[in-house]
Amino acid sequence: MSDSAQRANVVLVHGGFVDGSGWQGVYEALRADGYNVAVVQNPTLSLDGDVAATRQVIDAQPGRVILVGHSYGGVVVTEAGNHGKVAGLVYVAAFAPDKGESVNTLIADPPPGAAVPPILPPVDGYLLLDRAKFADAFAGDLPRAQAEFLADSQVPWGLDAAGGAVATPAWRTKPSWYLVATDDRMIPPPAQRAMAERIGAHTVEVAGSHAVYVSQPVAVADLIKQAASG
């Protein structure tokens, strides 16, 4: 599409333990192809708060929106995607809950032999990942120094966010796309495939860690472009 004014706007929603800066590579790839891109700095304190922050960014877009979520951000876009401007949903190694489901319910029964995320016991209502295990679990395909930076700059994830349940899943009425990260050690790839199939998503698989949106930004951007042209 040559006329950038006709392109969908893209809104990117990060997950738990990180902030929106990890989307920079995806942002740059999309901007280079003429897309208008906004990054939500959702505070990850509660699902309601994150949905409200996302809707505020959607409100500010000049036209239709492709809404993209990574990890817990998938829960956020599943609810926020009911906004009238949202034309499609893209899940990037993300949770895709049904009505009444949350991250907590989706991780309650992991597949046999699946890696267990190194989430530490909550402190004052917040969760963090074990710093020593962060790189292998979350960002195994990033340079070690970059993975260690992510570990040391973690954003505490609120229990009300992890336990927040979806009321109205937008994927029931909006088309969806899903990128499975085949080397993910946070959300097992079989669980990703099962969620993608359940929501009827157009699915691609990419060799990458849970931080695939950082390590493989072009592949992620390519799927978002598919959604935007769909």
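What follows walks through the overall fold, the nonpolar core and the aromatic pairs of this predicted model.

Starting with the overall picture, the chain is built from ten helices and eight strands. Its radius of gyration comes out at 16 Å, close to the 17 Å that the globule rule gives for 230 residues, so the chain is as compact as a globular protein of that length. Along the principal axes, the C-alpha atoms fit in a box of roughly 50 × 35 × 30 Å. Buried residues account for 51% of the 230 in the chain. About 9,700 Å² is left exposed, with carbon and sulfur atoms supplying 52% of that area. As for contacts with a separation of 6 or more, 71% of them join residues 24 or more positions apart.

On the inside, the largest nonpolar core takes in 77 residues, and Leu67 and Ile224 are the ones that touch the most other members. Helix α10 (residues 217-229) gives this core its largest share, six residues. Leaving aside residues up to four places away in sequence, Leu67 touches a string of neighbours, among them Val11, Val13, Ile58, Val77, Val86, Leu89 and Val90.

Then there are the aromatics, with five pairs in the structure. Tyr91 and Tyr178 have ring centres 6.1 Å apart and planes at 10 degrees, so this pair counts as stacked. It also ties together distant parts of the chain, since Tyr91 belongs to strand β4 (residues 86-92) and Tyr178 to strand β7 (residues 176-181), 87 residues apart. Both tyrosines, Tyr91 and Tyr178, are buried. Elsewhere, ring pairs join Phe17, Tyr72 and Trp157 into a cluster.

How values were computed
Residues numbered from 1 in each chain as written. Predicted model: local features only at pLDDT ≥ 70, side-chain atom pairs only at ≥ 80, totals over all residues. Heavy atoms only, no water. Core = buried A, V, L, I, M, F, W, Y, C linked by side-chain atoms within 4.5 Å. Buried < 20%, exposed > 50% of the residue type's maximum accessible area, 1.4 Å probe, protein only. Helix = DSSP H or I, 4+ residues; strand = E, 2+ residues; numbered from the N terminus. Contact = heavy atoms within 4.5 Å. Phe/Tyr/Trp six-rings, centres within 6.5 Å; stacked < 30°, edge-to-face > 60°. Rg over C-alpha atoms; globule rule 2.2 N^0.38 Å. Areas by Shrake-Rupley, 256 points an atom, 1.4 Å probe, with all protein chains shown as cover.
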